[in-house]
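Visitor: I would like to go through this model term by term. For each label, please give the rule and then the value.

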Amino acid sequence: MHGITGGDWWRGAAIYELYVQSFADGNGDGLGDLAGVRERLPYLAALGIDAIWFTPWYPSPKSDAGYDVADYRAIDPAFGTLADADALIAEAHAHGIRTIVDIVPNHSSDRHLWFQAALAAAPGSAERDRFWFRPGRGAGGDLPPNNWQSIFGGPAWTRVAAPDGTPGEWYLHLFAPQQPDFNWANPEVRAEFEAVLRFWFDRGVDGIRIDSGALLTKDPRLPDLGPETAPGDQPPYTDRDDVHDIYRGWRAVASQYPGRVLIGEIWLADAARLARYLSPDELHTVFNFPYLCCPWDAAPLREVIDSTLAFHAPVGAPPTWVLSNHDVDRHVSRYGRADTSFGLDRRDHSQPVDVELGTRRARAAALLTMALPGSVYLYQGEELGLWEVEDIPDERRQDPIWSRTAGADPGRDGCRVPLPWAGLEPPFGFSPAGATAQPWLPQPKEWRELTVETQTGDPDSMLELYRAALRLRRTEPALGDGPMRWLPSPPGVLAFTRTDPSAVSGDPSAVSGNSSGVSGNSSGVSGALSCVANLSPAPVALPAHTAVLLTSAPLDNGLLPPDTTAWLRT
């Protein structure tokens, strides 16, 4: 792991997001489970990852695919048992793979014991104070307490009935009605989640990924949202200053367990405010969503890379890089559209997708991403080149975003389709032989060309490209955490040099320039590695090098073709 040991393993790690119910089905019920994961651990070890981030594996009614948690200290019976999780953590460690679990602190399931107690309690009770219960407005309290809208569509408030059946108070849910928001001003809530962290750290978990990390605290006045937020105004439920007190408490807990890491899902456009979460007494890393959302275009990509490095540098935190996850369209499809950018507020499945072009760009993007300094996150199936499944029948869709927007937003089901492992027909080895239950989401028949079985051993496959890149990433001291330096390059080309941090002296800051071709390594350090990504429409010459280590597509008479990335020994 790039010479990184002890508490700093996460600074340059390759972390694999594993969406449990879509990874591998061990018992034939059509849902992935921990038995399926344990069976496939040798595959993950051979892939070359350093850690697995598990999406929520807790008991849940699945109103939001597990992000509605009913019990933070147990395993969903559909996935297995707590003993299965303990065995999985231990077996993963035996394979050299660390474990990261997902904690959902903004909200619980409406089946959580606390919320059930709140429903049974009277207005103003201690039980209700753990959530956001408020009387309604208007005659008879028939209107919600304010005009906030759910992120999933529709009002952010749902009314409950009093014990006698008459309409009662309203409760806040920034997501689905089945996901009531916790009141983080309540000390009980803070103490409970710090205890949950200790519970999982005590079981050997190596890290915590924090879902919707900027949303926890709310303005206690619960003001209406105006048409626009004035400059300097603090949003009433996003990135409030008091959220940092929570993460300082979490960091104090994590610091009691050597080698543990806190990772934030923080969707913020303001880099300066995002950097506050990386203070030395708060989170270790945060996800880099501007990079994920960036179009396949050299100029904005370079701008995002520079901005990312700039706001991480003052706090000494490593950047993170990610192309896909369980909430966004898979990047093979995004890069095959005319508009290659992405935003959560504009999932557009009306654009045609050139899968061949998207796959070529995805291969190039993988090498570009894995060469950048810091840690990299891979979403399960991207190593197979899976595309977004856009034609799921309406009756098979599961995502509440789709249902709550009446289909206006296609939702996230298309990136959550179960993986294809082997065979020529669905379920492609996702479920064991003889299983009668269908996978919980339908798999395209065309994925027969993308199974693990088909791609293994094929040097031109996406899977073997990922294996080769991750293998080099582990063995090359220059890759992972450490400095980078831009190389002069023509428009449409991104070129930079990585050097072994132990061999670097002087200023590693970025430099830029333009020329008719890519200039050679100017670091003056032997054994440096250069990455050249050609996003232009024409082939370009490579800089001076002693060896070509890896390319995302074959060279064209020594030139780097369009939508191709090369790793070079320079």
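Visitor: What makes β4, β6 and β5 an open sheet, and which strands are its edges?

Guide: In this predicted model, the 3 strands lie in the order β4-β6-β5 with antiparallel pairing. Strands are DSSP runs of E with at least two residues, helices are runs of H or I with at least four, and both are numbered from the N terminus. Two strands pair if DSSP finds at least two bridges between them. β4 (133-134) and β5 (157-161) each pair on one side only, and these are the edge strands.

Visitor: How do you know that β4 pairs with β6?

Guide: There are 2 bridges between β4 and β6 (residues 167-172), and the two strands run antiparallel. The rule asks for at least two, and β4 with β6 has 2. In one of the bridges F133 has Y171 of β6 as its partner.

Visitor: What is the order of the sheet with 8 strands, and which strands stand at its edges?

Guide: The order is β9-β8-β7-β3-β2-β1-β11-β10, an open sheet with parallel pairing. β9 (285-286) and β10 (320-322) are at the edges, because each has a single partner strand and so one side without a neighbour in the sheet. β8 (residues 261-264) is joined to β9 by 2 bridges, running parallel. G264 is opposite V286 of β9.

Visitor: Why is a space called a cavity rather than a pocket?

Guide: The test uses a 1 Å grid over the protein atoms alone: in a cavity a 1.4 Å probe fits but cannot get out, whereas a pocket is an open set of points with protein on both sides within 12 Å along at least five of seven lines. Lining residues have an atom within 4 Å of a point. Points are joined across faces, edges and corners, and the volume is the space filled by probe spheres set on them. By this rule there are 3 cavities of 30 Å³ or more.

Visitor: What lines the largest cavity?

Guide: The largest cavity holds about 60 Å³, and its lining includes E17, W53, F287 and Y379. Strand β11 (residues 375-379) gives the most, 3 residues. The classes are 7 nonpolar, 2 polar and 1 charged, where Ala, Val, Leu, Ile, Met, Phe, Trp, Tyr, Cys and Pro are nonpolar, Asp, Glu, Lys and Arg charged, and the others, Gly among them, polar.

Visitor: Which elements supply at least two residues to the lining of the second largest cavity?

Guide: α11 (355-371) and β11 each do so. This cavity holds about 40 Å³, and A366, M370 and V376 are among its lining residues.

Visitor: What is the volume of the largest pocket, and which residues are closest to its centre?

Guide: The largest pocket has about 1,100 Å³. Of its 40 lining residues, I151, L215, T238, W267 and L344 are closest to the centre.

Visitor: What makes D241 and R273 a salt bridge?

Guide: A salt bridge needs a side-chain nitrogen of Lys or Arg within 4 Å of a carboxyl oxygen of Asp or Glu. The N to O distance for D241 and R273 is 2.9 Å, so the pair meets the rule. By this rule the count is 37 salt bridges.

Visitor: What is the mean pLDDT, and what else should be kept in mind?

Guide: The mean pLDDT, the predictor's confidence in each residue from 0 to 100, is 92, and 93% of residues reach 70 or more. Residues are numbered from 1 along each chain as its sequence is written, and side-chain values use heavy atoms, with hydrogens and water left out. The model being predicted, local features need pLDDT of at least 70 and side-chain atom pairs 80 or more, while totals for chains, interfaces and linings use all residues.
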